[in-house]
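I sat down to look up a few things in this structure and to write each one down as I found it. My notes follow in the order in which I made them.

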Amino acid sequence: MRITFNMMANRALNNMTSTAERLMEAQDRVSSGKRIRKPSDDVNGTGRALSLRSTISEIEQYLRNSDMVKSQLEVTNGAMDSIVTSLERVKEIALLAANSTVPVEARASLTTELGEIMLSLAAAGNMQYGDRYIFGGSITDQAPIVTSGVTMPPYSYAGNDTQMSVQVAPWTNATCNVVGSAVFNMNGAAVPTSPDVFSTIQSLKEEIEAGNSTAVSARIADIDANLKNVITIRSEVGARASRLDNISESLLDSKTSLSTLLSETEDADLTQAVLELRTRENVYQAAVSVAGRILNITLADYIK
Amino acid sequence: VSSFFGINVALSALKASQYAMDVTGHNIANANTEGYRRQEAVFTANSPDAGTLGTGGTVARLGTGVTVSEIRRTQTGFLDSQVRIENQLCGMWTAKNEALQQVESLLSEPGDNGISAALDRFWNSWQNLATSPESAASRTDVVSSATSLSDSIRNLYENLRSLQTDLDRNVADSASEINALVQEIASINNQTVVGRSGDYQPNDLIDKRDLLVEQLSRLLRIEVHGSGGSNMIISAGGSVLVQGNYSATMDVALGSNGRTKLVWGDDGTDVAVTGGEVKGFMDTRDSLAEGYVQSLDRITQAIVSRVNAIHATGFDKNGNPGGDFFTAGSGAGNISVDAAVLASPSLVAASSVAGDSGNNIIANAIADIRDELLVDSQTIRESYAGLVAKIGSDARESSVHNEAHEYSLNNRKTQRDSVAGVSIDEEMTNMIRFQQAYNAAARIFTVMDEMLDTIINSV
């Protein structure tokens, strides 16, 4: 083959250009740490990366949702604890008062205590998490337990029975509230056999004031029924919280493994990238030095 | 035979060697001239003299020296056509590749700043609102994530549209470039006709014309007929572009799609563009970029109409029925959060019951759109990922083709260079050869002179 000077020059130039291009690619990979910098670097990888990124971002939101629900459930649990304690005290008072030998003064102090307990139960029912009334169903901007203005029932329920839920995992919803009507049996559905908590206490108070120990004994069944209802709901709340913990934990696990997968898809293997950079640097140097050497020589150099 | 016969022979040799040396000089001078083909002085022995020498049947005739009968330009016809074929392919794929790389950089995918991430943030903000529907901050978050989603979609749309406009301009620029080249080719054709009749070999003009044809072939897929001399015909898309000294002109016109197209200057019919840069510009503009814009628009419309439909079934923080969340009927070019919602985020309808401040059913329903199959039985995310994959694979394809054709174009050019390029070594060798020939001829001259001297002075 006939070789001309321009052929050599062009070939050398092409080689230098293409090795320089490859060198720059390798440099980019090392300095950005990314294997995929644009979709055409790896079309399938890009698709996978987009989907992984989306899933990870979704999981992060689920985790935030879970945290939110968990804190609300914690506040709910605290309120339930105080409701249980109050009702247990009501039961003690009822047991005391059922004894016909209780003197009048002692009865008065018991009824006063019952009045206070009723106030503290109403306060627990109007417990807020942030600005939100947690026992009002979906009506969260006003107190759900309001004084009725009449003697019986002493309190009425201003909320609704809507259970609110948020997504805490793919296709998994968690209910974040407990409705006050169920806790205090104000819809009559929770404990059909008994009046609501406040009416029960109000009746007990009136019966103790009247010294009707028989009626007081009979009232204990209503108190028990309500207490049992509240305890059941409290344990449900606990169960919900621990289920959320499980869900969050498994979400965290999948987030970790998905992040690893994303990094494997998107990120450059640094050792390999640096090695590649080194190799390409050498190739480029070789190309340049060969070009420098060859392009200097023609026959003209040797003709006198 | 005259006594001075030998001197004339030597003279012809001196002249021929000098002539050849001049050609060598011309070659060296043009070693780096683009499109230059090596020239060669062709030596031919002169016709022998008519005299008779010798006896009997054998008539010896003396040779009468040498002339340079032709300065031959190295022919590269086949390789030229190979280069032209690769050139138009190269032009087409380079044009596509450059545009697509631009599109890819507009996407910024995969990353935290692309539409994909903005979509994720948008759906997440609705879930966030679902966890605290009373909160003003969550509503503001929904509105701001929707604004940034709208901005990134509009931004991509605008950029794709302005890419199309740039390509329009490129097509128009190519038209004037083509016209200029075609005119010049026709004018050189004309000169070569005159040159030929004046017994003149227009080697360098032909070089120049071939170079122009080659430049033309990068812009447009052309066919070159004829022997490549003055009877050359160049056609594009089945119509004559150049014939001898005739050249057609191209004009630009608006096509039915509102995009620039090429038409013939004489009758206004469309130029059938089948290759070259112009084809690359047009394909990228009309099928690739336009396709991306359409997909983006479809995805956007799906988001807008679905979000609005669900939003309208809800109630805002003030207990009023939900209005439009995004500006109704907007597509990728004008998607924006409804002005009223933008002004007052309390108009975001999260609740399914009027006045229920803690009701999150609508917020959840809108967040769930993420998993709905809205575009071609795909979710919004899948559909957008499909668009990204399409752009990625188009860019990949164009860069692979571009590289391959550039490689093979270089190969063809190298092959041609091997045949027709100037080799300094070769020219140096020739230089020595012709110098020695000249010296030898001069020597003959001296010897002849001495011989004549012997005769004249000895008598």
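I began with a single pair of residues in chain B, and I noted that Ala236(B) stands opposite Ser239(B) in S5(B). The model I am reading is a predicted one, so I take what I write as a description of that prediction.

I then looked up the strands around this pair. Strand S4 of chain B covers residues 233-236, and four bridges join it to S5(B), with the two strands running antiparallel. The hairpin of S4(B) and S5(B) has two residues between the strands, and within this hairpin I found Gly237(B) with a positive phi near 55°.

Next I followed strand S5 of chain B, residues 239-243, to its other partner, and I counted two bridges to S6(B), again with antiparallel strands. Which residue in S6(B) stands opposite Gln243(B)? I looked this up and found Tyr246(B). For Val242(B), the bridge partner in S6(B) is Ser247(B). The hairpin of S5(B) and S6(B) also has two residues between the strands, and there I noted that Gly244(B) takes a positive phi near 55°.

I reminded myself of a point from the textbook, that strands of a sheet pair through backbone hydrogen bonds, in either a parallel or an antiparallel manner.

With these strands in hand I could write down the sheet as a unit: four strands of chain B form an open sheet in the order S3-S4-S5-S6, and the pairing is antiparallel. Why is one side of S3 and of S6 in chain B left without a neighbour in the sheet? Strand S3 (222-225) and strand S6 (246-247) stand at the edges and have a single partner strand each, so one side of each has no neighbour in the sheet.

I moved on to two residues in helices of chain B, starting with Ser152(B), which I found in helix H4, residues 136-197. Is Ser152(B) buried or exposed? Its relative accessible area is 18%, and because buried means under 20%, Ser152(B) counts as buried. When I left aside the neighbours within four places in sequence, I found Ser152(B) in contact with Ile115(B) and Ala118(B).

The second residue was Asp283(B), which lies in helix H6, residues 276-312, of chain B. Asp283(B) has a relative accessible area of 21%, and because partly exposed begins where buried, under 20%, ends, I entered this residue as partly exposed. Not counting residues up to four places away in sequence, Asp283(B) touches Lys96(B) and Leu288(B). I also looked up how Asp283(B) lies relative to Gly258(B), and the two are 25 residues apart in sequence and 15 Å apart in space, from C-alpha to C-alpha.

After these details I stepped back to chain B as a whole, where I listed ten helices and eight strands. The radius of gyration of chain B is 38 Å, whereas a compact globule of 459 residues would have one near 23 Å. Along the principal axes, the C-alpha atoms of chain B fill a box of roughly 145 × 45 × 35 Å. I noted that 48% of the 459 residues of chain B count as buried. Among contacts in chain B between residues at least 6 apart in sequence, 68% join residues at least 24 apart. I entered about 20500 Å² as the area that chain B exposes, with carbon and sulfur atoms supplying 52% of it. For the charges of chain B I wrote down 34 positive and 56 negative side chains, and the centres of the two sets lie 3 Å apart.

I closed with chain A, which has seven helices and six strands. From the N terminus on, the elements of chain A run α-α-α-β-β-β-β-β-β-α-α-α-α. Chain A has a radius of gyration of 38 Å, while a compact globule of 304 residues would have one near 19 Å. The box that the C-alpha atoms of chain A fill, taken along the principal axes, is roughly 140 × 30 × 25 Å. Of the 304 residues of chain A, I noted that 43% count as buried. The mean positions of the 27 positive and 35 negative charges of chain A are 15 Å apart.

Note on methods. Residues numbered from 1 in each chain as written. Chains lettered and ligands numbered in written order. Predicted model: local features only at pLDDT ≥ 70, side-chain atom pairs only at ≥ 80, totals over all residues. Heavy atoms only, no water. Rg over C-alpha atoms; globule rule 2.2 N^0.38 Å. Buried < 20%, exposed > 50% of the residue type's maximum accessible area, 1.4 Å probe, protein only. Contact = heavy atoms within 4.5 Å. Areas by Shrake-Rupley, 256 points an atom, 1.4 Å probe, with all protein chains shown as cover. Lys, Arg positive; Asp, Glu negative; His and termini not counted. Charge placed at Lys NZ, Arg CZ, Asp CG, Glu CD. Pairing = 2+ DSSP bridges.
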